[in-house]
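Trainee: I'd like a close look at the aromatic contacts here, please. Once that's done, carry on outward to the sheets and helices so I can place things.

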Amino acid sequence: MNMGEKTRRDFPILSRVVNGYPLAYLDSAASSQKPAQVIEAIQRYYETHHANVHRSIHTLGEEATELYESARDSVRAFIGARHREEIVFTRGTTEAINLVAQVIGRTLRPGDEIIVTEMEHHSNLIPWQMACRDHGAVIRAVPVLGDGYLDLDAYRRLLSARTKVVALAHVSNVLGTINPVAMMAEQAHQVGALVLADGAQSVPHLPLDVASLGVDFFAFSGHKMLGPTGIGVLYGRREVLGRLEPAWGGGEMIKEVWIDHAQWNDLPWRFEPGTPPIAGAVGLHAAIEYLGKLGMSQVSAHEQSLTAAAMEALARIPGVTLYGPRNPEMKGAVVAFNVEGIHPHDGAALLDQRGIAVRAGHHCAQPLMKRLGIAGTLRASFSVYSVAEDVARLADAVASLRSEL
Amino acid sequence: MALYSSVIRDRFRRPRFHGMLERPDVTGEDVNPLCGDRVRIQARLADGRLTEARWSGDCCAIAAAAADVLLELMAGQPAALAREMTPASLLERLDADIRPSRMKCVALPLTVLQGALDGQEVAR
């Protein structure tokens, strides 16, 4: 029995029937489903341990703090960070990137440059646009080549003493391209720039070691990696995070407060004002344990075989165009495609009629859509619970799309 | 009722009012931010009536069919009628079970036409 067949039983939602068909959930890149282990951990937390963290000197408060902080330790180990102070909990990838853009933004001067890529999700583009707008800095973008890879020669030419930040996707949420982050980070550091990688599409699918990636910041979300919504992580290299001012003020991020000033708390709490998503952290911890038991190399191999099978099956269907790298080893667990004459939203609606859930549209990557000269695509994406039958049903349904409309 | 009714499929495959006009009196165009769909409508007017109208654009089957039945309903009618039309009047004609998430596709051609005709009245 392969991974998908084994793990499916852990995901209650996968037994749903949608429009008369068993659910084939191929939209995990947008948000993954949750195993019973995660759902139960959250329920157990609320039923037996809930209280506010850090400030409550009573048994439940101590238990909740212990659970929250042990979730931080599990994240640290899972992504290969060296220190627990480097793990800041946020609401998600978007909030993590906004935090960095806001704090770094305050240090920008007119003429400074931020380098992004043409394949960024809007969440790793708009925060930088806002920082540039507020401080007179300029956005430059690394072009995407026809085969779905970044133009690395152009990247080298864009780097200069003016470059303050390089912000890029580790894995594209549309093309699936795995970008050479370690090499690009090294080159960025040579000109003194900081590097942020958006790991929303890599952490759920690939073995990861942020220390060896060499990035200064790394952001990802719990809900795409079998965890709950409302929890995300900002990894920040200790030496960099330690010299940054907090993004937002409130309780918990201070050591001592006077009426007209305050002294900031230590890392990582300096960046976590207010009551954090405690249950979210507990759920994320359970998700990490679940993925850890499966083994991320095995997860990656399982999803790669499904990605390869999907690309092969779809490529054989007349009228289908695939986007992104053709080599499944160079890709995350997504396949973006179009069917000639079928608008992606019509395609997705027709697939839904057969119980197949895929994403359609611009995938929050409009500059990439403009680069590809299209309005949108269909996108199938995979997770630990995806099976070959999902791919077969997708290919069958896609093959008959044109006759259905 | 099917999601893609026979009316939608028929209008998507063989639209009656698709195309461009030479020297239109009014032109309207708008984008659906949800999906990036774009619909353009051009019309000629005489004595306050739509004498000829065509739609074009890059859009889904639902928006295409909605645009096509809209222009059919408006053919030869007073321009003022466009303001009284609602997505519900188009839905009836489309005979389809459109989900809330796709209602914007139905409404887009209507807002484009209404916008074009409003502009015309202002210009006069």
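Mentor: Sure. Searching the whole structure turns up 5 aromatic pairs over all chains, where a pair means that ring centres of Phe, Tyr or Trp (its six-membered ring) lie within 6.5 Å, with planes under 30 degrees apart called stacked, over 60 edge-to-face and the rest tilted. Keep in mind that this is a predicted model, so local features need pLDDT of at least 70 and side-chain atom pairs count only at pLDDT 80 or more, while totals for chains, interfaces and linings use all residues. Residues are numbered from 1 along each chain as its sequence is written, chains are lettered from A and ligands numbered from 1 in the order in which they are written, and side-chain values use heavy atoms, with hydrogens and water left out.

Take Phe11(A) and Tyr290(A): they pair edge-to-face, 5.8 Å centre to centre with 90° between the planes. The two sit in distant parts of the chain, 279 residues apart, with Phe11(A) in the loop between helix H1 (3–7) and strand S1 (17–18) of chain A and Tyr290(A) in helix H10 (residues 278–294) of chain A. Helices (H or I, at least four residues) and strands (E, at least two) are DSSP runs, numbered from the N terminus. Phe11(A) counts as buried because its relative accessibility is 2%; buried is under 20% relative accessible area, exposed over 50% and partly exposed in between, using a 1.4 Å probe and protein chains only. Tyr290(A), at 9%, is buried too. Add Tyr385(A), and these residues make one aromatic cluster.

Now the sheets. An open one has 7 strands in the order S4-S10-S9-S8-S7-S5-S6 (chain A), with mixed pairing; strands pair if DSSP finds at least two bridges between them. Its edges are S4 (87–90) and S6 (138–142) of chain A, each pairing on one side only. From one strand to the next the twist averages 20°, with axes being lines fitted to C-alpha atoms (for helices over the stretch in contact) and angles running from 0 to 180 degrees between N-to-C directions. At the S6(A) edge, S5 (residues 113–117) of chain A pairs with S6(A) in the parallel sense over 5 bridges, and Ile115(A) has Arg140(A) as its bridge partner there. Helix H5 (residues 126–135) of chain A lies across S5, S6, S7 (163–169) and S8 (194–198) of chain A, at about 145° to S6(A); contact here means heavy atoms within 4.5 Å.

On the S9–S10 side, Gly230(A) is found in the loop between S9 (217–221) and S10 (232–236) of chain A. Leaving out residues up to four places away in sequence, Gly230(A) touches Thr90(A), Arg91(A) and Pro277(A). Its relative accessibility is 34%, so Gly230(A) is partly exposed.

There's also an open, antiparallel sheet of 4 strands, ordered S13-S14-S17-S16 (chain A). S13 (320–323) and S16 (359–361) of chain A are the edge strands. In this sheet, S14 (residues 334–339) and S17 (residues 377–381) of chain A share 4 bridges, with Val334(A) opposite Ser381(A) in S17(A). Helix H11 (residues 296–315) of chain A lies across S13 and S14 of chain A, at about 10° to S14(A). Helix H12 (residues 344–352) of chain A lies across S14, S16 and S17 of chain A, at about 160° to S16(A).
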